[in-house]
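The following exercises concern aromatic pairs and nonpolar cores. Please work through each task before consulting its solution.

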Amino acid sequence: MQQRVRCMLMRGGTSKGAYFLADDLPRDVASRDAALLAIFGSPDPRQIDGIGGANPLTSKVAIVSKSKDTESDIDFLFCQVSVDRAMVDTTPNCGNILAGVAPFAIERGLVVPQGTTTRVRVRTINTGTLAELVVETPDGRVNYDGDAHIDGVPGTSAPIAVNFLDAEGSVCGRLLPTGNAVDVVCGVEATLIDNGMPVVVLAAEALGRTGYESRESLDADVELKAKLEDIRLAAGRLMGLGDVKDKVIPKMALVAPPAAGGNVCTRSFIPHVCHASIGVFAAVSVATACVLPSTPAARATTMPGGRVRTVMVEHPTGNFAVRLEVGGSDAAPVVERAGLVRTSRALFDGVVFYRTAAQSTAA
């Protein structure tokens, strides 16, 4: 017999994922991961026997529950389901899937709408990061229609404000895990940074690239990807992450001077495929690196001034706006808070059917 579990498919930012209540999935981690792999049809490059979209950006999961923590309303476990490997990674954050957590929690009755807008504090339990999401709830229901546009998603939707309250050092323990704004890794200058996501930020020109290449050409650049993986493995150890061969962190970001009206141009890898845009926390970490003097990102950036700065991060399909509150001094700036606007949309709600590998073999 096939098994079934209640599921809502949602677009969160520029990603798409399956959202579950924690109580609806197996408690045992091994059983839970086996179920998620089966639901998505992994491992298989096409994910033909599951609901995955054959891309890391569409092979994501949110597991949601009411929080017992007085600081937060909702607990959220993010799972990255590998497309072509039997692996479920719960190490990283995902700010795009996070954007859908508050609407999902309201839809499932975990949060009661409060007036025309509802504020939901969400703890990402992968890393302990706390964020406040502001969702439009006119007439006591989630509103998905609006005029907010984010590059990488067609059309417009209702805005969801995402304010990160404690993203610094979310995985590595501090903003600069090595204590340095610039390290030399495999002969290349890099900033190893974690402001919501461990990221290795490098100047594209240091690797013999412009930083303006198409996503397709970078994905086909075998020499570049091999070099990036060497750097990533070495950086992972320097960042205190150990052997990252089978992890999706740290992410890799190439930076170059802006070319399309933004403040810095990026090409990011997640970590072995070039991102169609850039992840939320990766964008926040890159924008933060742009503030730090003498880093590869700072040298490539046209940085706005003032205490409150909107940093436009260019990517292959547009721009990503990151709002930073910057204190300290010019010589030693401190990013005190980061925020941004995302959108989300419920796509379907129902049950998903699956067979575990053991069931499939028996069949």
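Contact is taken to mean heavy atoms within 4.5 Å. The model examined here is predicted.

**Exercise 1.** State which residues Ile74 touches, leaving aside residues up to four places away in sequence, and place Ile74 within its core.

Solution. Step one: with such sequence neighbours not counted, the contacts of Ile74 include Val64, Val101, Ala105, Leu110, Val120 and Val122. Ser65, Lys66, Ser67, Val111, Arg121 and Arg123 are also touched by Ile74. Step two: the largest nonpolar core has 85 residues, and Ile74, Leu98, Phe164, Val200, Leu202 and Leu324 are the members that touch the most others. Step three: H6 supplies the largest share of this core, ten residues.

**Exercise 2.** Identify a second, separate core.

Solution. This core comprises 20 residues, among them Cys7, Phe20, Leu37 and Tyr354.

**Exercise 3.** Determine how many aromatic pairs are counted, and analyse the pairs of Tyr19 with Phe104 and of Phe164 with Phe281.

Solution. Step one: the count is three aromatic pairs, with ring centres required to lie within 6.5 Å. Step two: Tyr19 and Phe104 are 5.6 Å apart centre to centre with 45 degrees between the planes, a tilted pair. Tyr19 belongs to strand S2 (residues 15–21) and Phe104 to helix H3 (residues 101–107), so this pair ties together parts 85 residues apart in sequence. Tyr19 and Phe104 are both buried. Step three: Phe164 and Phe281 also form a tilted pair, at 4.6 Å centre to centre and 45 degrees between the planes. Because Phe164 lies in strand S8 (residues 160–164) and Phe281 in helix H6 (residues 280–291), the pair ties together parts 117 residues apart in sequence. Phe164 and Phe281 are both buried.

Methods:
Residues are numbered from 1 along each chain as its sequence is written. This is a predicted model: local features need pLDDT of at least 70, side-chain atom pairs count only at pLDDT 80 or more; totals for chains, interfaces and linings use all residues. Side-chain values use heavy atoms; hydrogens and water are left out. Rings of Phe, Tyr and Trp (its six-membered ring) pair if their centres lie within 6.5 Å; planes under 30 degrees apart count as stacked, over 60 as edge-to-face and the rest as tilted. Helices (H or I, at least four residues) and strands (E, at least two) are DSSP runs, numbered from the N terminus. Buried means under 20% relative accessible area, exposed over 50%, partly exposed in between (1.4 Å probe, protein chains only). A nonpolar core is a set of buried Ala, Val, Leu, Ile, Met, Phe, Trp, Tyr and Cys residues joined through side-chain atoms within 4.5 Å.
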